[in-house]
Amino acid sequence: MAGFHQGLIITPGTERQLGAYGLFRPSPSQREVLALPTGPLSVKGADPDILWVSFTELCVGVRSTADYLLLAERFPAWVVDGIPSLPGESTASPADWQRFLALLDVLHEREITPFLITPGPHGDPFGAPQGSAADELAVVLSRIGERLSELRRIESDEQLPDEQFGGC
């Protein structure tokens with residue numbers, strides 16, 4: 001069963017964490033450039049069933065909701081890696097976070113399964129840092145947090161199901 005609610009937030013994104021959910025980092029030879037309304041998008045992988053792309057490629061710069069909608073028509077699941085862990089300590093701008101919120105809204109509305117990889121600390125990596133965010137950014141980060149509260153978090157290898165081995 002696919003859909004937004006089946007998605008995961010994976011921290012820090014170890015090979016074991018990813019492999020437990022059938023995710024394997026694309027090789028450099030799998031890189032592609034996709035044509036979008038706001039310009040080309042470089043992705044790490046674009047298999048028919050899953051798009052693998054970085055936060056920077058999707059949310060930093062000139063991307064628009066039209067880009068996300070076009071991609072949502074093509075890919076039923078997305079892996080977005082490199083998501084900054086603390087908005088107040090990252091180089092992402094308020095506009096970048098606004099685009100990330102627009103992306104999450106499209107994924108939610110279109111029932112796309114997201115796998116979001118953040119290398120950051122445990123806890124709520126998308127909460128607004130106290131006293132350091134402008135009111136507008138705080139609202140955006142709060143809405144991101146609300147949207148992500150619908151996803152399950154995997155924050156260590158200990159949370160993974162026990163491996164089943166066959167044979168003797």
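Colleague: What pLDDT does the chain average?

Modeller: This is a predicted model, where local features need pLDDT of at least 70, side-chain atom pairs count only at pLDDT 80 or more, and totals for chains, interfaces and linings use all residues. Residues are numbered from 1 along each chain as its sequence is written, and side-chain values use heavy atoms, leaving out hydrogens and water. pLDDT is the predictor's confidence in each residue, from 0 to 100. At least 70 is reached by 82% of the residues, and the chain average is 86.

Colleague: Where does pLDDT stay under 50?

Modeller: The model has zero contacts (heavy atoms within 4.5 Å) beyond four places in sequence for this stretch. The stretch is residues 164-168.

Colleague: Which geometry does the aromatic pair of W97 and F100 have?

Modeller: Rings of Phe, Tyr and Trp (its six-membered ring) pair if their centres lie within 6.5 Å; planes under 30 degrees apart are stacked, over 60 edge-to-face, the rest tilted. Here the centres are 5.9 Å apart and the planes meet at 85°. The pair is therefore edge-to-face.

Colleague: Is F100 buried or exposed?

Modeller: Buried means under 20% relative accessible area, exposed over 50%, partly exposed in between (1.4 Å probe, protein chains only). W97 has 1% and is buried. F100 has 0%, so F100 counts as buried.

Colleague: Which backbone nitrogen lies 2.8 Å from a polar atom of the D96 side chain?

Modeller: D96 is buried, at 5% relative accessibility. Beyond four places in sequence, D96 touches residues including F55 and T91. The backbone nitrogen at 2.8 Å belongs to S93.

Terms used
A polar contact is a pair of N or O atoms within 3.5 Å; within protein, one must be able to donate a hydrogen and the other to accept it, and residues adjacent in sequence count only if both atoms are side-chain atoms.
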